[in-house]
Amino acid sequence: MVNKYVMNELQIGTYRFSSRLILGTGKFGNVQSMLDAIRASGTELVTVAIRRFNREQIEHDLFAALSTIDGLTLMPNTSGASNAREAVRAAHISRELSGSPFIKVEIHPNPQHLMPDPIETYEASRILASEGFLVMPYISADPVLAKRLEDAGCASVMPLGSAIGSGQGLTTAEMIKLIIRESSIPVIVDAGLRSPSEACAAIEMGCEAVLVNSAIAVAENPEEMATAFAGAVKAGYKARKAGIMPRSGSAVATSPLTSFLGKAT
Amino acid sequence: MITITLNGEQHKIRDGSTVDDILDIIGAEKQRVAVVVNENIVYPEKHSSMVLQENDQVEVLAFVEGG
């Protein structure tokens with residue numbers, strides 16, 4: 001079990017990462033921009049997808065490009081799978097390619113909203129966890145499903161903040177808080193984050209990490225935005241460790257309420 | 001010649017062609033790829049010895065950017 005209050009490192013399974021920011025590699029304007037953002041972010045864990053080899057892109061070897069960054073672990077996703085069987089197959093192929101035990105289970109059959117299929121996601125996650133994968137399922141912010149996935153042996157759960165690529169932010173914050181309260185595996189917000197302040201808020205509320213892609217990749221300056229997200233995530237974790245003050249229902253004076261210029265209070 | 005399906009398209013290849021031969025033909029031999037034949041992963045150590053058969057379904061896959 002991860003101790004949420006004393007560990008500075010992100011721990012997933014037996015893996016430890018110094019950064020609580022996980023980056024997606026999609027949507028960048030070019031490979032160099034992606035590599036610059038990854039370096040600037042300080043992340044040690046990035047997502048990739050698998051697709052059919054395309055001879056038109058023969059010079060475009062993502063694996064080789066990512067291999068130029070030391071200390072990077074790959075987390076392949078199962079995007080493109082529309083059911084558990086396809087996701088399990090994608091995971092097996094990805095492990096063969098990456099040598100990484102991490103797999104982001106991502107099954108969203110409807111391209112209109114990309115909401116994850118909870119039943120297929122659960123089934124794929126259960127199978128892959130039993131096979132020794134470090135399973136990171138992308139799910140709706142559902143505390144019951146999250147607990148079931150933990151019981152099935154997942155290494156983490158990754159509830160969405162809002163729809164993939166929407167930039168709508170942490171619209172599911174209250175549900176994510178419920179997941180965190182019940183969870184003894186890392187809770188990682190995946191999808192929908194738009195700005196560093198939202199990433200900071202997610203970590204402050206108890207998420208162990210955030211996974212960000214579009215917000216960095218489509219920024220005018222992805223490298224600078226990656227730096228901003230890295231700072232926000234660190235600030236959020238520091239604030240959580242420092243102990244965030246409780247809310248009060250009324251004003252509490254910060255200056256002494258004693259006499260002022262002869263007036264009694 | 002035999003006919004195989006490679007990444008969804010039919011191709012005619014020489015009898016006795018191996019997985020390595022196919023990777024060479026499509027230009028994938030220099031890139032890290034995974035090969036799946038009839039839904040079974042073919043590990044790299046078998047690429048030079050596995051001879052493809054008529055109607056084999058071959059998938060050659062690589063990592064691409066994704067979130």
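Select B:Glu39 to begin, in the loop between S3 and S4 of chain B, and keep in mind throughout that the model is predicted. The phi angle of B:Glu39 is near 75 degrees, a positive value in a residue other than glycine. At a relative accessibility of 48%, B:Glu39 counts as partly exposed, since that class covers what lies between the 20% limit for buried and the 50% limit for exposed.

Now add B:Asn38, which is found in the loop between strand S3 (34-37) and strand S4 (40-42) of chain B. Its phi is near 50 degrees, again a positive value in a residue other than glycine, and with a relative accessible area of 34% B:Asn38 is partly exposed.

Move next to chain A and select A:Ile38, which is found in helix H1. Is A:Ile38 buried or exposed? Its relative accessibility is 2%, so A:Ile38 counts as buried. To display its surroundings, show A:Leu23, A:Thr25, A:Thr43, A:Val46, A:Leu66, A:Ile69 and A:Leu72, with which A:Ile38 is in contact once its neighbours within four places in sequence are left aside. One of these, A:Thr25, is 13 residues from A:Ile38 in sequence, and the two are 8.5 Å apart in space, C-alpha to C-alpha.

Extend the selection to the whole of helix H1 (residues 31-41) of chain A together with H9(A), and the two are seen to pack at an angle of about 25 degrees, with their axes 8 Å apart. H1(A) and H9(A) are therefore roughly parallel to each other, and H1(A) passes H9(A) in a right-handed crossing. On the H1(A) side, pick out A:Ser33, A:Asp36, A:Ala37, A:Ala40 and A:Ser41, which meet A:Pro222, A:Glu223, A:Ala226, A:Thr227 and A:Ala230 in H9(A). Sorted by class, this contact of H1(A) with H9(A) has 5 nonpolar, 3 polar and 2 charged residues.

Keep helix H9 (residues 222-242) of chain A in view and bring in helix H7 (residues 196-204) of chain A, which packs with H9 at an angle of about 25 degrees, the axes being 8 Å apart. H7(A) and H9(A) are therefore roughly parallel to each other, and H7(A) passes H9(A) in a right-handed crossing. From H7(A) the contact draws on A:Pro196, A:Ala199, A:Cys200, A:Ile203 and A:Glu204, while the residues from H9(A) include A:Met225, A:Phe229, A:Val233, A:Tyr237 and A:Arg240. By class, the contact of H7(A) with H9(A) has 12 nonpolar, 1 polar and 2 charged residues.

Stay with H7(A) and colour A:Pro196, A:Glu198, A:Ala199, A:Cys200, A:Ala202 and A:Ile203, which are buried. What do the buried residues of H7(A) pack against? They pack against strand S9 (188-190), strand S10 (209-212) and H9 of chain A. Just after H7(A), select A:Gly206, whose phi is positive, at about 125 degrees.

From here, go to A:Val210, which touches A:Arg20, A:Leu21, A:Ile22, A:Ile188, A:Val189, A:Leu193, A:Ala199, A:Ala202, A:Ile203 and A:Val233, not counting residues up to four places away in sequence. A:Val210 and A:Leu66 are the residues with the most contacts inside the largest nonpolar core, which has 67 residues. Helix H3 (residues 84-98) of chain A gives the most to this core, with 7 residues. Apart from it lies another core, of 18 residues, and to end the tour in chain B select B:Ile22, B:Leu23, B:Ile26 and B:Val42, which are among them.

Technical notes:
Residues numbered from 1 in each chain as written. Chains lettered and ligands numbered in written order. Predicted model: local features only at pLDDT ≥ 70, side-chain atom pairs only at ≥ 80, totals over all residues. Heavy atoms only, no water. Axes fitted to C-alpha atoms, helices over the stretch in contact; angles between N-to-C directions. Helix = DSSP H or I, 4+ residues; strand = E, 2+ residues; numbered from the N terminus. Parallel < 35°, antiparallel > 145°, perpendicular 65-115°, else oblique. Left-handed = near helix turned anticlockwise from the far one by under 90°. Contact = heavy atoms within 4.5 Å. Nonpolar A, V, L, I, M, F, W, Y, C, P; charged D, E, K, R; others polar. Core = buried A, V, L, I, M, F, W, Y, C linked by side-chain atoms within 4.5 Å. Buried < 20%, exposed > 50% of the residue type's maximum accessible area, 1.4 Å probe, protein only.
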